[in-house]
Amino acid sequence: MTRVKVFSSYHENELDILMNKWLTEHPDINIRDIKLSSSLASVNEDGIPLFTAMVIFTPRTAPI
């Protein structure tokens, strides 16, 4: 069964930290793909970057 996990952060470095922490806590998955996007949110006429990543994975199954 394919699953996804989505991460978002206003700081690119924080996105790395969040994803690496989650991946370390879940060594029992097979990563199929990682999609990354960035966008600008408008707040008081200033642009604030938003970084988003989606990890597409499947749980590893025990060998038969």
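S37 has T52 as its bridge partner in strand 3. The model is predicted. In this model strand 3, residues 46-59, pairs in the antiparallel sense with strand 1 and also runs antiparallel to strand 2. Strand 3 also gives the most residues to the largest nonpolar core.

**Strand pairing**

- Strand 2 covers residues 29-43 and is joined to strand 3 by 14 bridges.
- The pair S37 and T52 involves strand 3 through T52.
- Strand 2 and strand 3 form a hairpin, with two residues between the strands.
- N44 lies in the turn of this hairpin and has a positive phi of about 50°.
- Strand 1 and strand 3 are paired over seven bridges, in the antiparallel sense.
- F7 has A53 of strand 3 as its bridge partner.

**Nonpolar core**

- The largest nonpolar core has nine residues: F7, L15, M19, W22, I29, F51, A53, V55 and F57.
- Helix 1 and strand 3 each supply at least two residues of this core.
- The contribution of strand 3 is four residues, the most to this core.
- In soluble globular proteins, nonpolar side chains tend to be buried together.
- The bridge partners F7 and A53 are both members of the core.

**F57**

- F57 is found in strand 3 and is one of the residues of the largest nonpolar core.
- F57 counts as buried because its relative accessibility is 8%, with the cut-off for buried set at under 20%.
- Not counting residues up to four places away in sequence, F57 touches M1, T2, R3, V4, K5, W22, I29, N30, I31 and R32.
- Among these contacts of F57 are W22 and I29, which are also listed in the core.
- The C-alpha atoms of F57 and D16 are separated by 17 Å, and the two residues are 41 residues apart along the chain.

**Surface patch and Y10**

- Y10, V43 and I48 make a nonpolar surface patch of about 250 Å².
- Y10 lies in the loop between strand 1, residues 3-9, and helix 1, residues 12-25.
- Y10 is partly exposed because its relative accessible area is 48%, and partly exposed means neither under 20% nor over 50%.
- The value of 48% for Y10 is also in keeping with the patch, since patches are made of residues with over 30% relative accessible area.
- V43 falls within strand 2, residues 29-43, and I48 falls within strand 3, residues 46-59.

Key. Residues numbered from 1 in each chain as written. Predicted model: local features only at pLDDT ≥ 70, side-chain atom pairs only at ≥ 80, totals over all residues. Heavy atoms only, no water. Patch = residues over 30% accessible without salt bridge, like charges linked within 9 Å, V, L, I, M, F, W, Y side chains within 5 Å. Areas by Shrake-Rupley, 256 points an atom, 1.4 Å probe, with all protein chains shown as cover. Salt bridge = Lys/Arg side-chain N within 4 Å of Asp/Glu carboxyl O. Buried < 20%, exposed > 50% of the residue type's maximum accessible area, 1.4 Å probe, protein only. Contact = heavy atoms within 4.5 Å. Core = buried A, V, L, I, M, F, W, Y, C linked by side-chain atoms within 4.5 Å. Pairing = 2+ DSSP bridges.
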